[in-house]
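Trainee: Could you take one part of this structure and look at it closely with me? I would like to see how it sits within the whole.

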Amino acid sequence: QREEWRKLRDEATVSTDGVHVELAANIGTPNDVTGVLENGGEGVGLYRTEFLYMGRDKLPSEDVQYNAYKTVLEKMEGKPVVVRTLDIGGDKELPYLDMPKEMNPFLGFRAIRLCLDRQDIFRTQLRALLRASVYGNLRIMFPMIATLGEFREAKAILLEEKAKLASEGVQVSEEIQVGIMVEIPSTAVLADQFAKEVDFFSIGTNDLIQYTMAADRMNERVSYLYQPYNPAILRLIKMVIDAAHANGRWAGMCGEMAGDATAIPLLLGLGLDEFSMSATSILPARSQISKLSRADMEKLAAQALDMQTAEEVVALVQSIEG
Ligand code: PEP
Ligand code: MG
């Protein structure tokens, strides 16, 4: 099996009926890129920039960030790199920001909410990204978007920083796609509206599942409700992908579900364009997809969407594997 995977390293990811999907990797630091390339990653689908801000006693400077982003873009040699802007708060804290304790951190002041408030932090990151953009194929992604207003505000700030850099004579790529994570149900429900304004979606199932099921992703007591295969989740995913395609955009997924062998047949059937996962899952996923027919998986997904429970969906997927 390992031999087969190794052969697939430099191959495209294609279903038996010729549909191409992109398999990308989630990374946390520039050092992770080596593993992405060794495992045949076609891009970086999620660069979690939080690590740049953690394990230090003050905010990282624009130059520290610029160097990290530039390194990742250069090492990926023109392959797409989706960089997520700071997603701090919730389970990830920064001691030096001195943020007040919250009753429900996962429902609180985190990610884009914090960035739109602390624009000094946000603008520094955006400038670093814009400056690095000329070294590769950069895509910028905003986390935890709940309303169109948040996206518009974040994008306006990005464009302001871009204009400032231009006036300073700094080169910035004109090809940067700007997208959002879909990890809050309100955004999945209004995906048709978002799709008119964003360049892409990346579905963050880790959070989308917890918010849809109202089940804390860290809480063992309610983990039975944390159900990736619940038809409610599958329907939300379908809404996002359909909205993207109806507007000529692409839809990816960077939550754990994208690399899950039970989910992959369903996601292929729902039309997902990009799957972003831990690097070590890429070759197994490529092998799996190369044995599946997208047309058949469309039928499978349609059946799953009409089911009532997660257990029924799992049984359905297992029935094709036998
Ligand atoms: C997600 O929510 O699915 C996601 C990829 O982001 P994180 O796990 O960093 O919250
Ligand atoms: Mg998330």
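Mentor: Happy to! Start with the contacts in the protein between residues at least 6 apart in sequence: 70% of them join residues at least 24 apart, a contact being two C-beta atoms, placed from the backbone, within 7 Å. This is a predicted model, where local features need pLDDT of at least 70 and side-chain atom pairs count only at pLDDT 80 or more, while totals for chains, interfaces and linings use all residues. Residues are numbered from 1 along each chain as its sequence is written, with chains lettered from A and ligands numbered from 1 in the order in which they are written.

The protein has 15 helices and 9 strands, taken as DSSP runs numbered from the N terminus (helices H or I, at least four residues; strands E, at least two). Let's pick strand β3, residues 44-48. Of its 5 residues, 4 are buried, meaning that 20 or more other C-beta atoms, placed from the backbone, lie within 10 Å of their own. For the protein's 322 residues, the buried share is 46%.

What flanks β3? Strand β2 (residues 20-27) runs parallel to β3, joined to it by 3 bridges, and Ala-25 has Val-44 of β3 as its bridge partner. Strand β4 (residues 80-84) also pairs with β3 in the parallel sense, over 3 bridges; pairing takes at least two DSSP bridges. There, Arg-48 stands opposite Arg-84 of β4.

The two ends of β3 lead to other parts of the picture. Val-44 is among the residues that touch the most other members of the largest nonpolar core, which has 96 residues; such a core is a set of buried Ala, Val, Leu, Ile, Met, Phe, Trp, Tyr and Cys residues joined through C-beta atoms within 7 Å. Helix α11 (residues 231-246) supplies the largest share of this core, 8 residues. Val-240 is another of those residues with the most core neighbours, and Phe-201 and Ala-251 are among the residues it touches beyond four places in sequence.

Arg-48, together with Leu-46, belongs to the surroundings of ligand 1, which also include Asp-87, Glu-183 and Cys-254; a residue counts as near if its C-beta atom, placed from the backbone, lies within 6 Å. β3 and α10 (205-213) are the elements that give two or more residues to this shell, and α10 gives the most, 3 residues.

Key:
A residue is buried if 20 or more other C-beta atoms lie within 10 Å of its own, exposed if 12 or fewer, and partly exposed in between; C-beta atoms are placed from the backbone.
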